[in-house]
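Biologist: Please take a close look at one part of this model for me. I would like to hear about one open sheet and what packs on it.

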Amino acid sequence: MAALSFRDARATVLRELRLRAVAPPVETVPLLDSQHRVLAHDVTADRDYPPFNRSARDGFAVRAADLPGRFGVIGEVPAGRIFSGEVGAGQAVEIMTGAPVPDGADAVVMVEHTVREEGYVAIEQVIEQGANIVPKGSEAQDGSVVLSGGARIDYASIALLASVGRQSVEVFAKPRVAILATGDEIVEDGEKPKPWQIRNSNAWSLAAQVRRAGGVPVVLPIARDLKDETAGLIGRGLAEADLLLLSGGVSAGKYDVVEPAFADLNAEIFFDRVAIQPGQPLVFGRARGKFFFGLPGNPLSTMITFELFGRAAVDILSGASDAPLPVSLARLTRDFRHKSGLTRFLPAWIEQGNVTPVSWQGSGDVGALCRANALLIADSEKPEYEKDTIISVLLK
Ligand code: AMP
Ligand code: MG
């Protein structure tokens, strides 16, 4: 199978998942617990927002056409009260931020632009009708959709849900994501590795990443590099979870048994190579009605390919309408070159719009990724970047 470009591979993942996406079950959670969850249904406004013409300033409510002039102050209206009278010609009501604008008035003059006299207020300014007033229903009208089903809930959505009176929220159930580390050299947690063995860090990074993405990690026992044992654990992962992630065993080595194991399961393979680094050997497929990723085993390759592809799958399986990749632009602080042909995702530090590559020893160097807060994205067709060039970065 030919290697796909990064763009095509990502498009394939999004297309295949969306094609088969079914809405997850719905559960009701307390408002605060809905943070980072996916809203199951549209939420509508229970009244107009704001519910009255709201003053945006402390000042005086007047009729704009009367300005400038000297106004008789006929009362005051703090937030949380209502002024029962009407503002007539040459009259003003002292008003506070958040209070309803009295009938008759059509503008609020900021207190800073007024001079208070006994029983009067002098205003030299001229302002337009509607100045410093947020009209009733201008933020949302009664019955209109304020949050759409499929939205990922953040702190601003929590505020909106609270303001329309929700104390609990219907969200989609989190997808279960099975994690299967493979490799004869990998030892289980708590075991002391022999000099030629390696601790299983991939199951931990993937579990953390799945959780952050909104899924429930289900960590399986390590699969030895034996086809039948690997196929058995793959079958278990496919049965127990909505998505299966494997690490390791996807290269072309003699003991890389992941692809042969999937072949035995009659899996459909959408791609098994992507022109990226880290992570060239990368399998995406479907078996027994579930999607799976065979991620390369080098720790940075595992982590980065999950962010690039796996996270989008978790988003869609969560019922989210978007699968965002947080890419932004930054200015390179130094010259930078790489070999063309692959899109590279390299540990980097971004600060105030400037990005600096972090030195690293290759795909096993977990410490380098700990020292990074972003991945610099080097275009496969652009081998040389000069200092001050604007380059894409994926935020970590
Ligand atoms: P593989 O993709 O199976 O060829 O593995 C590539 C490299 O990643 C090997 O050097 C492994 O030691 C390392 N590796 C594989 N799986 C894990 C794991 N679960 N945790 C930490 N390192 C791993
Ligand atoms: Mg291996």
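Modeller: Six strands make up this open sheet, in the order β16-β13-β17-β21-β20-β18. The pairing is mixed. Two strands count as paired if DSSP finds at least two bridges between them. Strands (E, at least two residues) and helices (H or I, at least four) are DSSP runs, numbered from the N terminus. This is a predicted model: local features need pLDDT of at least 70, side-chain atom pairs count only at pLDDT 80 or more, and totals for chains, interfaces and linings use all residues. Residues are numbered from 1 along each chain as its sequence is written, chains are lettered from A and ligands numbered from 1 in the order in which they are written, and side-chain values use heavy atoms, with hydrogens and water left out.

Start at the edges. They are β16 (216–219) and β18 (268–273). Each of these pairs on one side only. From one strand to the next, the twist averages 20 degrees. Angles run from 0 to 180 degrees between N-to-C directions, and axes are lines fitted to C-alpha atoms, for helices over the stretch in contact.

Now helix α3, residues 202–213. This helix packs on the sheet. It touches β13, β16, β17 and β21 (290–295). Contact means heavy atoms within 4.5 Å. The direction of α3 makes about 160 degrees with that of β16.

Next, one pair of strands. β13 (residues 176–181) and β17 (residues 243–247) run in the parallel sense. Five bridges pair them. Look at alanine 181: opposite this residue, in β17, stands serine 247.
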